[in-house]
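Trainee: Could you take me through the charged pairs in this one, slowly? I'd like a close look at the salt bridges, and then a word on the greasy stretch that comes after them.

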Amino acid sequence: MAIVEGASCGLQVVSTRVGGIPEVLPEDLITLCEPTVRSLCAGLEAVIALQRSGNVPSPASIHVRVRNLYTWRNVAERTEKVYDRVVGEEVLPLDRRLRRLRAHCGPVAGSIFAFVAVLDFLFLLLLQWLMPDGVMDLAVDATGPQRQWRQEKSHKNEAYS
């Protein structure tokens, strides 16, 4: 969340295009670079030039925008959307996961990653044996009866979604 904190302080942000960062801030508040030294240097130089020319929003206006983007309700809604999307994805069986690792990561790294995945799977089986699913507490549905407690999106946050 250091990226959000930087923008919340009114700073222009320079980051790489990895790990979901592009979705964190609006395009005009972040300069995205490739994950190389040359690209990051070029991004920093571009932001410094913008700052010197005065063609950036004021720190106070950036702070207000970021403050409205990251209310607890807004973050919870975004998190729920991610979970809803993930729940709908196909869960691959272990053998297909291992083949995909080898195909996408190459024969050497893919084999190492596949080995680690098998170790993770065996560790999961051990944990399930030590604490079976039946003895775990289930999360309570906090949306209330017939999911009535869901709040509609507020109009002031729609502009930044």
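Mentor: Here is a walk through the salt bridges, one pair at a time, and then the nonpolar patch. Keep in mind that we're looking at a predicted model.

Let's start with the general idea: side chains of opposite charge can pair when their charged atoms come close. The cut-off for a salt bridge is a Lys or Arg side-chain nitrogen within 4 Å of a carboxyl oxygen of Asp or Glu, and by that rule you get three of them here.

Take Asp-28 and Arg-65, where the closest N and O atoms sit 2.7 Å apart. This pair ties together distant parts of the chain, with the two positions 37 residues apart: Asp-28 is in the loop between β1 (13–16) and β2 (30–33), while Arg-65 belongs to helix α3 (residues 59–69). The two ends also differ in how covered they are. Arg-65 counts as buried because its relative accessible area is 19%, and the cut-off for buried is under 20%. Asp-28, at 42%, is partly exposed.

Now go along to Asp-95 and Arg-99, whose closest N and O atoms are 2.8 Å apart. Here both partners are in helix α5 (residues 94–105), and their spacing of four residues is about one turn of the helix. Arg-99 has 53% relative accessibility, so it counts as exposed; the line for that is over 50%. Asp-95 comes out as partly exposed, at 42%.

The remaining pair is Glu-90 with Arg-96, and its closest N and O atoms are 3.1 Å apart. Glu-90 is exposed at 57% relative accessibility, whereas Arg-96 is partly exposed at 37%.

On to the greasy stretch. Helix α6 covers residues 107–130, and UniProt, in an unreviewed entry, places a "transmembrane region" at residues 106–131. In the model, that 106–131 segment is 92% helix and 0% strand, with its end C-alpha atoms 36 Å apart.

Which residues make the nonpolar surface patch of about 930 Å²? They are Val-108, Ile-112, Phe-113, Phe-115, Val-116, Leu-119, Phe-121, Leu-122, Leu-124 and Leu-125. Leu-125 is a handy one to click on: it is found in helix α6, and its 39% relative accessibility makes it partly exposed. That value also lets Leu-125 qualify for the patch, because patch residues need over 30% relative accessible area.

Methods. Residues are numbered from 1 along each chain as its sequence is written. This is a predicted model: local features need pLDDT of at least 70, side-chain atom pairs count only at pLDDT 80 or more; totals for chains, interfaces and linings use all residues. Side-chain values use heavy atoms; hydrogens and water are left out. Patches are made of residues with over 30% relative accessible area and no salt bridge: like charges are joined within 9 Å, nonpolar side chains (Val, Leu, Ile, Met, Phe, Trp, Tyr) within 5 Å. Accessible areas come from the Shrake-Rupley method with a 1.4 Å probe; for residues, only the protein chains shown count as cover. Buried means under 20% relative accessible area, exposed over 50%, partly exposed in between (1.4 Å probe, protein chains only). UniProt positions are given in the numbering used here, feature names are shortened, and annotations may be inferred rather than shown by experiment.
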